[in-house]
Amino acid sequence: MTGISSTRISLRDGDWPDPPASPESAPFVAAAREGRFLLRRCTACGKAHWYPRSLCPFCLGETAWEEASGNGTIYSYTVLAREDPARTIAYVTLAEGPTMLTSLVECDPRALAIGQPVRLVFARSRDGTPVPCFRPVEADEAPGSEPPS
Ligand SMILES: [Zn+2]
């Protein structure tokens, strides 16, 4: 045995710590409640970044909100197998370029891999605030297409 639990990691919807609220994050939260994932992109150098900031972290230029694809790949991850239920901490590189600290959900922790395609899914915190998480893209699910409903 590897020590990594075979328990599937769930979405844990409604069971995440409440993220800190701030005026800067309010538009992100409002869009997330509608299922849209927003990033900020610099209007001067054109680079997107995470987390959202009003000034570009690369050139200090002005930034603007844009809707992101929600597609990414696993850059790095850790399975916290001793927690009950087990959870993950991961860096996911978004299709738009930024790498964000997040969690992998709705997955078998033994089947995760660096470079694996993942897609955004919003879980809710205890007070109902959307929390951006990622789940593996299924083999029969083409990148960019909507999951079957
Ligand atoms: Zn910039």
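**Figure 1. Overall size of the chain in this predicted model.** With 149 residues, the chain would be expected to have a radius of gyration near 15 Å if it were a compact globule, and its value of 16 Å agrees with that. Along the principal axes, the C-alpha atoms fill a box of roughly 50 × 30 × 30 Å. Buried residues account for 23% of the 149.

**Figure 2. Secondary structure along the chain.** Here you can trace one helix and eight strands. Following the sequence, the order reads α-β-β-β-β-β-β-β-β, with the helix ahead of the strands. Turning to contacts with a separation of 6 or more, 53% of them join residues 24 or more positions apart.

**Figure 3. A close-up of residues 65-122.** An unreviewed UniProt entry lists this stretch as "domain: ChsH2 C-terminal OB-fold". In the model, residues 65-122 are 53% strand and 0% helix. The C-alpha atoms at the two ends of the segment lie 18 Å apart.

**Figure 4. Phe122 and its surroundings.** Let us zoom in on one residue. Phe122 sits in strand β7, which covers residues 117-124. Is Phe122 buried or partly exposed? Phe122 has 18 C-beta neighbours inside 10 Å, so it counts as partly exposed; the buried class starts at 20. Setting aside neighbours within four places in sequence, Phe122 touches two groups of residues: Ala32 and Gly35, and also Pro130, Val131 and Pro132.

**Figure 5. Phe122 and Asp15 in one view.** These two residues are separated by 107 residues in sequence. In space, the distance from the C-alpha of Phe122 to that of Asp15 is 12 Å.

Methods: Residues are numbered from 1 along each chain as its sequence is written. This is a predicted model: local features need pLDDT of at least 70, side-chain atom pairs count only at pLDDT 80 or more; totals for chains, interfaces and linings use all residues. UniProt positions are given in the numbering used here, feature names are shortened, and annotations may be inferred rather than shown by experiment. Helices (H or I, at least four residues) and strands (E, at least two) are DSSP runs, numbered from the N terminus. The radius of gyration is taken over C-alpha atoms; the globule rule is 2.2 Å times the number of residues to the power 0.38. A residue is buried if 20 or more other C-beta atoms lie within 10 Å of its own, exposed if 12 or fewer, and partly exposed in between; C-beta atoms are placed from the backbone. Two residues are in contact if their C-beta atoms, placed from the backbone, lie within 7 Å.
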